[in-house]
Amino acid sequence: MWIGTKKIITILAVLLLAISVTGCASDDGNGNSNDEGSSSAGGASPTGDEYTNSIGMEFQRIDAGTFNMGTSKYAYSQPIHEVRISDAFYIGTYEVTQAQWEEVMGSNPSEFSGDDGPVDSVSWNDIQEFISKLNEMEDTTKYRLPTEAEWEYAATAGTTTLYSFGEINEDEGPVLKDYAWYQENSYEKTHEVGQKLPNPWGLYDVHGNVWELVQDSWVDNYGSANEDGSAVDKGEGSLRVARGGSYSSKENALYTAYRKKQDPRDGDSAIGFRLVMDA
């Protein structure tokens, strides 16, 4: 009878050990179950509200939402219309810098030199080549220029004023010079990115420094704009859109709804860009 009891105890001990090992195997060590329904981010996948890629480009997550695009101040920014951004996306916290451009392209076309300054003198066509090479470097297809609607949505950051920071108040603030490099304070040159205050969604230099090219072809007004915020594309060689103003711009060109047309083959010292990455 004693021997039988010992056998039963041994069997129970083995069973308990097996159950314990199985339980550990189903846990990742951090209290998270590795069930089929769970997921984990890969090495190049963004997580949370911010993301930094392999060459140090920082991005802010912009959630889906609805906003009124355009302004009544200019015919080419009318009619004001509702746009529904249905998918979240990541947009560059800063304009693409010269160091980042050189790491991808192997050269620096900028008129104003400085690793942390925005790359300038790039054309829309040049930027497409940069995007292609960056996607190849990171083995992805997520990088692209923002659509014009995505750019304005992120730049306005939920505001309805001409500038993303509200109405200018010269006595008590805010004032434009705290947020932008433009004709009045730039000394006719670009400056390192991120030196001014950010907009409410954490984006720097959406006003001034360099014009930011977007994906869209130029159209004279928003009469046939896409309600979902997707890009208007009139084909290869069509004029493209730049937004945000530059170091050489007057105050009105820095309005979040101001638009400028640009030949896709041409770049100058006032032209740069900011990237988007699909979420």
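**Aromatic pairs and a helix face**

In this predicted model, the count comes to 18 aromatic pairs, taking rings as paired if their centres lie within 6.5 Å. Start with Tyr74 and Tyr255. Their ring centres are 6.4 Å apart and their planes meet at 40°, so this pair is tilted. The two residues come from distant parts of the chain, 181 residues apart. Tyr74 lies in the loop between β3 and β4, while Tyr255 lies in the loop between β8 and β9. Both Tyr74 and Tyr255 are buried.

Now turn to Tyr163 and Phe165. Here the ring centres are 5.3 Å apart and the planes are at 5°, so the pair is stacked. Tyr163 and Phe165 are buried too. Ring pairs join these four residues into a cluster that also includes Tyr76, Tyr179, Trp211, Trp218 and Tyr258.

Rings can also sit beneath a charge. The charged end of Lys196 is over the ring of Trp181, 4.1 Å from its centre. Likewise, the charged end of Arg240 is over the ring of Trp124, 3.8 Å from its centre.

Trp124 leads to helix α3, residues 124-137. At 1.5 Å a residue, its 14 residues should span 20 Å, and its end C-alpha atoms are 20 Å apart, which agrees. Which residues of α3 are buried? They are Trp124, Ile127, Phe130, Ile131, Leu134 and Asn135. Seen down the axis of α3, these buried residues fall within an arc of 130°, so they line one face of the helix. They pack against α2, β6, β7, β8 and β10. Just after α3, Asp139 takes a positive phi of about 50°.

Terms used. Residues numbered from 1 in each chain as written. Predicted model: local features only at pLDDT ≥ 70, side-chain atom pairs only at ≥ 80, totals over all residues. Heavy atoms only, no water. Helix = DSSP H or I, 4+ residues; strand = E, 2+ residues; numbered from the N terminus. Expected span 1.5 Å × (residues − 1). Buried < 20%, exposed > 50% of the residue type's maximum accessible area, 1.4 Å probe, protein only. Arc of directions from axis to C-beta. Contact = heavy atoms within 4.5 Å. Phe/Tyr/Trp six-rings, centres within 6.5 Å; stacked < 30°, edge-to-face > 60°. Lys NZ or Arg CZ within 6 Å of the ring centre and 35° of its normal.
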